[in-house]
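Work through the exercises below with the sequence and the structure open. Try each task before reading its solution.

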Amino acid sequence: GRYFPKRPKHVLVVEAKFDGEQLATDPVEHTDQPEFATELAWELDRKALHQHRLQRTPIKLQCFALDTVSSAKENIGYIVLDLRAVQEKKQAPKWYPLLSNKYTKFKSEIQVGVVLETDSKALVDGFKAKEAPPREGKLSTLLSGLDPKSIAPVLNEEEGYHQIGPAEHCRDYFVLSVTIVFATQLEQLVPSTMKLPERQPEFFFYYSLLGNDVTNEPFTDLINPNFEPERASVRIRSTADVLQVYLCAQSKLQIHLCCGDQSLGSTEILLSGLLKKGNMEIDQHPVAIEGAFVLVPPNRTKQKLPQLPLDMAPTVGVSVILQRESLSAQPLIPLNAPTEPKESQEKVLSPISGRTEGLQQRSQNVPSQADHSSSAEDEATESEVESLKFEKGMKPKTKADNGPVAASQPNPVGASSSEPVSAQKIVIPAASHHFCFSIDLRSIRGLEVGFPINCILRYSYPFFGSAAPIMTSPPVEVRKNMEVFLPQSYCAFDFATIPHQLQDTFFRLPLLVELWHKDKTTKDLLLGVARLQLSNVLASEKTRFLGSNGEQCWRQTCNETVSVTAAQGSGNRIAELSYAITLEDYGFVKMQEVLVSDSSQCVGAGQQRHVPHTQPHCAPGNHPEPRETLEYKAALELEMWKEMQEDIFENQLKKKEMAHMQALAEEWKKRDREREALVKKKVAEYTVLEEQLQKTLRDLDRRERQLFSAESELQRVKKELQAEHERKLQELHDSVRRAREECAHQVELERSKIKQLEEDKLRLQQQV
């Protein structure tokens, strides 16, 4: 193995189950690279091997971590091996990742080599046990007289079992269990033309077990079916031989995937393989048929669905177990679904109504997927929560003890209604500190603008008590490759606020310093903006100094250079700004109330008024120190409680926001998986259609060539017939012409003969 975490006081064990037999490796140390070095082997004949390959029986390897102290057994993950890929020639071992791996931060893998070997052991005939001759008696007479088609289960409601065979001879008790464990690629059963219910459809598996209708818990997601593995069991009273005859006669268990009252697909499991004639294996241990079976669509939709490859075929994992009731106390390990490991839910068929009744259900706590969210999502969630908190904090305050308080605020919060407008009063929270923040914009250098500029810098930070902009003056000329120090660029702010609110604001809200080009002839031009991260001063080293009244104060200073980015365009660097910022903490504010006059509400550009706290307004007399009074302690405790409650609220808000973001991310992933599965399904359908079209095109091309050849042959025959016709016609004409000439010649000969005879006649007459 590799990529395992190191766990002291733990050992690793791999258990493998196949052909109804479970084997396990020796325990090894739970290190990052455990060495199992164990061979697990099963013996079976070729016929059984062929049967397992036809049923696609998997070889399942489960990895467990055992606590050597408490002997607790913990499922780490599992591997499923395909028996069809095993060959007789030795192959190199492969690395298989653990499915449903408990160690989510580790991609644990186990190296497994699978080989099929021919057992070359010579069998000694002398030591072979001969088959026992069949016993003559009632049982053999009973079997010979039984018609397999006439055997039917009879329900005994009182004792809760099904009788198979004559009751006076069949007295052994058996338990037949069927478990639907998992399902994959179910979306392939729904053709594109099939209409499902408009509301969210529910799907379930249905089968009939000895006349009892059984359905599992409905599920709604075909792409990622999530349902509890359920085991339905029936008690049978019979004998092994009669049960074997019955299973051979009633050999098929049909399992249907249904939606409402229509079947989307079904599969058939041959039960005749549970009991074999003359094999009393069931007396020693349960017999089982386990595997992943392909679901076939019904006839009405089968013609519309293309033939899918094996890796995309819809399958259902089923385990059928038959055992004697005396062996039912032994633990059975059914197949687990290839998702999160879950304990199966057991159902026993009630002999009275034939319906399933839940006996017990044990669920294993599955780790929340919110723990496995990506760091990018966490960062995005945190930033969004922070922005929400900042927007919440920037809303107008309605209580006097929230937010920074400064005498320069135009609209001071918490003003007493009993005071006149010209002398408004600000109530300062007891936990507030007096801070002095100073900023010195020192120089501009590295200008990368195509013309000299008259530079002024401008910024505003309402948190310091005023939204009025602060600008350097007068404008200074800055050219390329020169550094210019800015005049009158120092400004200090005195204000009172709670320390954690100061830190929170500095971390969230940077100070934006604008670089302006001031021209007398044209309008002022904004060239760029520099972002000053004020939180950097909080990370600098603290130095101690004494205040004006001898109190202990703290100072933090930070000197930095930041880039000025272009205000328009791609945001390239156009200059560099050097600055120094200082934060001084004078401790708790001694003044509890501050009177603000009209004149103090107007703030100049280069100077900020601060909260006066030199002498508190106290009446003459002997008064105790304000911080030692019960009122002060109660107010301080109240402020600390408020701060704690605010932190709790913010944490709850952040958790809710992260939960919502996680739910949205999971929903998005689910929709993405659905779209991906739909696209794969469409691609498979279109691939089959494309192959059909290609075949049709090839047929058309072949027929076209055949037609062209036949047409050419027809043209050739036509030409030959035409030539033959013309030749025959010419011969006929020649024959007629020759006959006419011959006749004319014959007529001339006859005429000449007649003329000669006439002359002979005249000559003879003259002679007479």
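**Exercise 1. Place a strand in its sheet.**

Task: Find how many bridges join β22 to strand β27 (residues 511-517), and in which direction the two run. Then look for the other partners of β22.

Solution.
- Step 1. Start with β27. Strands β22 and β27 run antiparallel and share 5 bridges. Within this pairing, L457 has L515 of β27 as its bridge partner.
- Step 2. Move to β24 (residues 476-478). This strand is antiparallel to β22, with 3 bridges between them. Here V476 of β24 faces C455.
- Step 3. Add β23. It is joined to β22 by 2 bridges, again antiparallel. M471 in β23 is the bridge partner of R458.
- Step 4. Check the cover. Of the 7 residues in β22, 5 are buried, and the strand is mostly covered.

Remember that this is a predicted model.

**Exercise 2. Follow the aromatic rings.**

Task: Count the aromatic pairs. Then work out what the pair Y461 and F506 ties together.

Solution.
- Step 1. Apply the cut-off: ring centres must lie within 6.5 Å. The count is 18 aromatic pairs.
- Step 2. Take Y461 and F506. Their centres are 6.4 Å apart and their planes stand at 70°, an edge-to-face pair.
- Step 3. Locate both rings. Y461 sits in the loop between β22 (453-459) and β23 (470-471), while F506 belongs to helix α6 (residues 499-508), so the pair links parts 45 residues apart in sequence.
- Step 4. Turn to F464 and F506. This pair is also edge-to-face. The centres are 6.3 Å apart, with 90° between the planes. F464 lies in the loop between β22 and β23 and F506 in α6, so this pair ties together parts 42 residues apart in sequence.
- Step 5. Test for burial, using the cut-off of under 20% relative accessible area. F464 has 3%, so it is buried. F506 has 0% and therefore counts as buried. Y461 is buried too.
- Step 6. Widen the view. Y461, F464 and F506 belong to one aromatic cluster, which also includes F435, F437, F463, F493 and F495.

**Exercise 3. Read the two sides of a helix.**

Task: Which residues of helix α1 (residues 46-55) are buried, and why do they line one face?

Solution.
- Step 1. List the buried residues of α1: A48, L49, H52 and Q55.
- Step 2. Look down the axis. The buried residues of α1 fall within an arc of 130°, so they line one face of the helix.
- Step 3. Recall the general rule. An α-helix has 3.6 residues a turn, so residues three or four places apart point the same way.
- Step 4. Find what the buried residues touch. They pack against β1 (10-18) and β16 (287-294).
- Step 5. Turn to the face away from the buried side. R46, K47 and L54 are exposed there.
- Step 6. Inspect the ends. At the N-terminal end, D45 is the cap, with a side-chain oxygen 2.8 Å from the backbone nitrogen of A48. After α1 comes R56, with a positive phi near 55°.

**Exercise 4. Find charges over rings.**

Task: Which ring does R2 lie over, and which ring has the charged end of R675 above it?

Solution.
- Step 1. R2 lies over the face of W95, 4.0 Å from the ring centre.
- Step 2. The charged end of R675 is placed over the ring of W668, at 4.9 Å from its centre.
- Step 3. Compare with the distance cut-off for such a contact, within 6 Å of the ring centre.

Methods: Residues numbered from 1 in each chain as written. Predicted model: local features only at pLDDT ≥ 70, side-chain atom pairs only at ≥ 80, totals over all residues. Heavy atoms only, no water. Buried < 20%, exposed > 50% of the residue type's maximum accessible area, 1.4 Å probe, protein only. Helix = DSSP H or I, 4+ residues; strand = E, 2+ residues; numbered from the N terminus. Arc of directions from axis to C-beta. Contact = heavy atoms within 4.5 Å. Polar contact = N/O pair within 3.5 Å; in protein donor to acceptor, adjacent residues only side chain to side chain. Phe/Tyr/Trp six-rings, centres within 6.5 Å; stacked < 30°, edge-to-face > 60°. Lys NZ or Arg CZ within 6 Å of the ring centre and 35° of its normal. Pairing = 2+ DSSP bridges.
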